[in-house]
Amino acid sequence: MATFIEICNTIKIAGVPDEAIRLRLFSFSLAGEAKRWLHSFKGNSLKTWEEVVEKFLKKYFPESKTAEGKATISSFHQFPDESLSEALERFRGLLRRIPTHGFSEPIQLNMFIDGLRPQTKQLLDASPGGKIKLKTPKE
């Protein structure tokens with residue numbers, strides 16, 4: 001969904017709200033069952049972008065899927081032969097797959113760091129700037 005918003009934000013039409021652009025373009029980001037699901041709503045029954053997002057997430061990210069995804073994210077561990085950048089990309093992929101995970105950035109950072117191999121944590125702690133656990137997500 002973040003990529004969709006990013007694409008929509010590249011389009012600006014004078015006098016047309018961002019929400020209207022998102023509502024019009026959303027069906028083009030879907031395929032198969034998801035597209036049929038969206039077209040099953042009669043006329044203009046989905047009037048706001050928030051309503052579309054809420055219904056879409058409820059349909060395709062039910063609580064059971066969210067709970068399973070949260071468990072996978074929170075139990076993240078770096079693989080023995082995985083580099084730091086590979087581990088980070090894999091962790092980000094887990095977060096993207098469950099957009100309803102609800103973990104704040106500081107919590108995400110702590111889960112990622114806690115899942116790193118001890119040698120990787122030591123390398124990060126030895127880098128300029130000191131202990132990685134004391135850094136903010138932005139740092």
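Student: Let's begin with Gln78: where does Gln78 lie?

Tutor: Happy to start there, and keep in mind that this is a predicted model. Helix α6 covers residues 84–97, and Gln78 comes before that helix. Its place is the loop between α5 and α6.

Student: Is Gln78 buried or exposed?

Tutor: The cut-off helps here: a residue counts as buried when its relative accessible area is under 20%. Gln78 has 6% relative accessibility, so Gln78 is buried.

Student: Which backbone oxygen does the side chain of Gln78 reach?

Tutor: Good thing to look for in the structure above. A polar contact needs N or O atoms within 3.5 Å. The side chain of Gln78 comes to 2.8 Å from such an oxygen, and the residue that carries it is Glu82.

Student: And which residue has its backbone nitrogen 2.9 Å from a polar atom of the Gln78 side chain?

Tutor: Have a look at the residues that Gln78 touches beyond four places in sequence: among them are Gly115, Leu116 and Thr120. The backbone nitrogen at 2.9 Å from the side chain of Gln78 belongs to Arg117.

Student: Gly115 came up there; which loop holds Gly115?

Tutor: Helix α7 spans 105–114 and helix α8 spans 118–126. Gly115 sits in the loop between α7 and α8.

Student: Which residues is Gly115 in contact with, leaving aside neighbours within four places in sequence?

Tutor: Gly115 is buried, with a relative accessible area of 2%. Its C-alpha atom is 8.6 Å from that of Ser74, although 41 residues separate the two along the chain. With sequence neighbours set aside, the contacts of Gly115 are Phe76, His77 and Gln78.

Student: Now to Thr66: which helix is its place?

Tutor: Thr66 is buried as well, at 11% relative accessibility. The helix in question runs over residues 63–74, and this is α5.

Student: Which side chain is joined to that of Thr66 by a polar contact?

Tutor: Leaving aside neighbours within four places in sequence, Thr66 is in contact with Phe61, Ile98, Thr100 and His101. With Phe61, the side chain of Thr66 reaches the backbone oxygen, at 3.4 Å. The side-chain to side-chain polar contact, at 2.7 Å, is with Thr100.

Student: What separation do the C-alpha atoms of Thr66 and Lys121 have?

Tutor: Along the chain, Thr66 and Lys121 are 55 residues apart. In space, their C-alpha atoms are separated by 29 Å.

Student: Stepping back, how many helices are there in the protein?

Tutor: Follow the elements from the N terminus and you read α-α-α-α-α-α-α-α. There are zero strands, and the number of helices is eight.

Student: What radius of gyration does the protein have?

Tutor: The C-alpha trace spans about 60 × 35 × 20 Å along its principal axes. A compact globule of 139 residues would have a radius of gyration near 14 Å. For this protein the value is 19 Å.

Student: And what share of the residues is buried?

Tutor: The accessible surface comes to about 9600 Å², with 58% of that belonging to carbon and sulfur atoms. Out of the 139 residues in the protein, the buried ones make up 29%.

How values were computed. Residues numbered from 1 in each chain as written. Predicted model: local features only at pLDDT ≥ 70, side-chain atom pairs only at ≥ 80, totals over all residues. Heavy atoms only, no water. Helix = DSSP H or I, 4+ residues; strand = E, 2+ residues; numbered from the N terminus. Rg over C-alpha atoms; globule rule 2.2 N^0.38 Å. Buried < 20%, exposed > 50% of the residue type's maximum accessible area, 1.4 Å probe, protein only. Areas by Shrake-Rupley, 256 points an atom, 1.4 Å probe, with all protein chains shown as cover. Polar contact = N/O pair within 3.5 Å; in protein donor to acceptor, adjacent residues only side chain to side chain. Contact = heavy atoms within 4.5 Å.
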